[in-house]
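Biologist: Before I accept the terms used for this model, I would like to hear the reasoning behind each of them, with the value set beside its criterion.

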Amino acid sequence: MKKILIFAILCFSVFSKDIQMEVKEDVLNKFLVTAGSFSGENKINLKVGKVNVNWKVYDAKIKLAPTSNFNAKIDIITNGKTQKGTVEGKVKFQYLPTTQILKINVEDMKIKNLGVYNALSLYKPKYDLPLKMIQMDKIEVKKNSSKKVFLQPVMYDSKVTILEKKVLVESNVKFVEAK
C-alpha cells in the first residue's frame with residue numbers, strides 16, 4: 001500500500017504541469033454557434049466540366065472523446081437547386097503559449113449524402129480561441145527600499161489532452177527577469 005501511495009504522489013508531481021485549464025465541450029460549441037455560418041462560392045471540376053457551386057455551412061458542433069469530431073450541416077447550391085448534407089471531420093487542437101490561443105483545426109473533411117463534392121475544396125474550418133491562462137504582464141518585486149526588479153511569466157511545454165466532454169490545456173510556467 002505504501003508503494004502505491006508513493007507511486008501516486010510521484011505521478012502527480014512529475015507528470016503534471018504548473019498550470020491547467022479545462023474547456024468543456026459545451027463552451028466549444030457555444031463558440032461555434034456564435035461564430036455562425038460560413039458560405040462561399042467555388043468552381044469545381046466535374047466530368048461534365050466546371051460547375052459554379054455556392055455553399056453554406058451551419059450548425060457546427062464538436063463532439064469530444066473518444067475522438068474529437070466535427071459535424072455541421074451544409075447546403076450546396078448548383079444551377080439554382082439546393083442539396084442538403086452534412087460535413088464531418090476530425091478536430092485537432094494545439095495550444096500556443098506565447099499568444100495563449102487554442103487553435104482548433106478540422107482535418108479529413110468529408111461531405112456525407114451529397115456524392116461528388118470534396119469538402120476540403122469548399123470549406124477549411126480553423127478557429128482561434130483565446131485562452132488566457134496567466135496574465136503576461138510584468139510583475140514588480142521590491143528587493144529593498146531602493147531597488148526593484150520586474151519578472152515576466154513565460155509559459156512553455158504546453159500540452160492538450162482530450163478527455164470525456166472537455167479539453168484539458170496544460171503548461172509549465174517560469175518567471176524571467178524582464179529588461
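Biologist: Which residue stands opposite Lys 103 in S7, and what makes S6 and S7 a pair?

Modeller: In this predicted model, Lys 103 stands opposite Asp 128 in S7. Two strands count as a pair if there are at least two bridges between them, and strand S6 (residues 101-112) and S7 have five, in the antiparallel sense, so the term applies.

Biologist: How do the side chains along strand S7 alternate?

Modeller: Along S7 (residues 126-130), Tyr 127 and Leu 129 point to one face and are buried, whereas Lys 126, Asp 128 and Pro 130 point to the other face and are not buried.

Biologist: What makes S5 a partner of S4 and of S6?

Modeller: The same criterion of at least two bridges decides it. S4 and strand S5 (residues 81-96) pair in the antiparallel sense over 10 bridges, with Asp 75 opposite Lys 84 in S5, and S5 and S6 also pair in the antiparallel sense over 10 bridges, with Lys 110 in S6 as the bridge partner of Glu 88. In the hairpin of S4 and S5, which has two residues between the strands, Asn 79 takes a positive phi near 50°, while in the hairpin of S5 and S6, with four residues between the strands, Gln 100 takes a positive phi near 55°.

Biologist: Why is Phe 70 called buried?

Modeller: Phe 70, placed in strand S4 (residues 69-78), has a relative accessible area of 1%, and buried means under 20%, so the term holds for Phe 70.

Biologist: And why does Phe 175 count as partly exposed?

Modeller: Phe 175, found in strand S10, has a relative accessibility of 47%; partly exposed covers what lies between under 20% and over 50%, and therefore Phe 175 belongs there. Together with Ile 139 and Val 141, Phe 175 forms a nonpolar patch on the surface, with about 240 Å² of accessible area together.

Biologist: What is the order of the strands in the open sheet that contains S10, and what makes two of them edge strands?

Modeller: Four strands form that sheet in the order S1-S10-S9-S8, with antiparallel pairing. Strand S1 (19-24) and strand S8 (139-142) are the edge strands, as each pairs on one side only. Neighbouring strands of this sheet are turned by 30° against each other on average, direction ignored. Within the sheet, strand S9 (residues 148-163) and strand S10 (residues 166-177) pair over 11 bridges, and Leu 151 has Glu 177 in S10 as its bridge partner.

Terms used: Residues numbered from 1 in each chain as written. Predicted model: local features only at pLDDT ≥ 70, side-chain atom pairs only at ≥ 80, totals over all residues. Heavy atoms only, no water. Buried < 20%, exposed > 50% of the residue type's maximum accessible area, 1.4 Å probe, protein only. Axes fitted to C-alpha atoms, helices over the stretch in contact; angles between N-to-C directions. Patch = residues over 30% accessible without salt bridge, like charges linked within 9 Å, V, L, I, M, F, W, Y side chains within 5 Å. Areas by Shrake-Rupley, 256 points an atom, 1.4 Å probe, with all protein chains shown as cover. Salt bridge = Lys/Arg side-chain N within 4 Å of Asp/Glu carboxyl O.
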